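Student: I should like a close look at a single part of this model. Please describe one sheet and its strands in detail, and then the loops that deserve attention.

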Amino acid sequence: MLTRREALLGTAAGAAAAALLAATAATPALAEVQAADISTLPREKVTLVAPPFVHDHQQVATGGPKVVEFQLTVKEQPMVIDDDGTTMQAMTYNGSIPAPMMVVHEGDYVELTLVNPETNEMPHNVDFHAATGALGGAKLLDVNPGEHATIRFKATRAGTFVYHCAPAGMIPWHVVSGMSGTVMVLPRDGLKDEAGKPLKYDRIYYIGENEFYIPRDENGKFKKFDSLGDSYDETLKAMRGLIPTHVVFNGKVGALTGDNAMKANVGETVLFVHSQANRDTRPHIIGGHGDHVWEQGKFANPPAKDLETWFVRGGSAGAALYTFLQPGIYAYVNHNLIEAAELGATAHIMVEGKWNDDLMTQVKAPAPIAAY
Ligand SMILES: [Cu+2]
């Protein structure tokens, strides 16, 4: 007889999960030894914060490796994604799109508890690109509504890595409905430039880019569905067309503009981490640059310098460091300008400080040509 969770997961997936768990349990001696070592490590419990902000963390680690505990709670909820009130039946970790960024150091252990409240409709899990092991831990975290599960993985590679939901048979739907975030694994001694010289940031912002596929009615208007389940068929059809209706930062057109703009001061160095779990993108700071850019987000590689636009592959997160030299409102865009201006992929950075005339000045204000 099928248990409830096997029925929900599908028998094949259930069998695969069982085989995987059996394989994990097949080396008890090794597992016990490792567990004993890990049990002596210090533990830190981190409270995650909603993007674009990132929880407090050290840039250079003090002390040895530790176990860092995080919790994600799945929230299935309708979310407004533009200024016209277009509403998507979203699936999220902790209620935000993107999901919160988790920061650890290389050699630390990430211990993640995934909670799927009884009130949800769907099974969920997490595939951590930062983790090593089958499916990025997804099968070990398959939780039905009313369940929770915990995994631990060692952060062995430094960089910014996407994590996303990956339930059997409906991975892209969960991902484009909002279920992705980023883990940043810092080198224990912090970031470094191409010559190995230490780099530090004064602020960090996490920009999660998503493309949405909202079905339209016969009049071309975006449809609103009563439930997640109701939205599935038509959303899948829209997804298969591969033409997004929205391309947004942080879950909504304008989520990071105007009053919600990111802030910085002249002279401050800002680390921008930019993820896209599903589709390629091209971050660009209008009026600024990427002083040091890890396009692939992997800190073992030397950063590229002085980039104008950088490329973040779908399914990855990149990191760019920039020291602001002029005040003003900078637009931070996906430099596919149609996606930036028409579909929503624009953010603002409000920078305060003193203008440097040497770097730029208006030599002659606009005037009628006859005045020359
Ligand atoms: Cu999910």
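Tutor: Let me begin with a term: a residue is buried if 20 or more other C-beta atoms lie within 10 Å of its own, exposed if 12 or fewer, and partly exposed in between, with C-beta atoms placed from the backbone. Strands (E, at least two residues) are DSSP runs, numbered from the N terminus, and two strands pair if DSSP finds at least two bridges between them. This is a predicted model, in which local features need pLDDT of at least 70 and side-chain atom pairs count only at pLDDT 80 or more, while totals for chains, interfaces and linings use all residues. Residues are numbered from 1 along each chain as its sequence is written.

The part chosen is an open sheet of four strands in the order β14-β21-β20-β16, with mixed pairing. Its edge strands, each paired on one side only, are β14 (262-265) and β16 (283-285). From one strand to the next the twist averages 25°, where axes are lines fitted to C-alpha atoms and angles run from 0 to 180 degrees between N-to-C directions.

Strand β21 covers residues 346-352 and runs parallel to β14, joined to it by four bridges. Within this pairing, methionine 262 has isoleucine 349 of β21 as its bridge partner, and asparagine 265 stands opposite glutamate 352. Strand β20 (residues 328-334) is joined to β21 by six bridges, and these two strands run antiparallel. Here valine 333 stands opposite threonine 346. Five of the seven residues of β21 are buried, and the strand is thus mostly covered. As general background, strands of a sheet pair through backbone hydrogen bonds, either parallel or antiparallel.

The loop leading to β14 also deserves a look. Asparagine 250 lies in the loop between β13 (246-249) and β14. Its phi is positive, about 55°, although it is not a glycine. Asparagine 250 is buried, with 21 other C-beta atoms within 10 Å.

A second loop, between β3 (87-93) and β4 (102-105), contains proline 98. The peptide bond from isoleucine 97 to proline 98 is cis, with omega near -5°. Asparagine 94 is found in this loop as well, and its phi is near 65°, again a positive value in a residue other than glycine. Asparagine 94 counts as partly exposed because it has 19 C-beta neighbours inside 10 Å. In general, most residues other than glycine have a negative phi, and most peptide bonds are trans.
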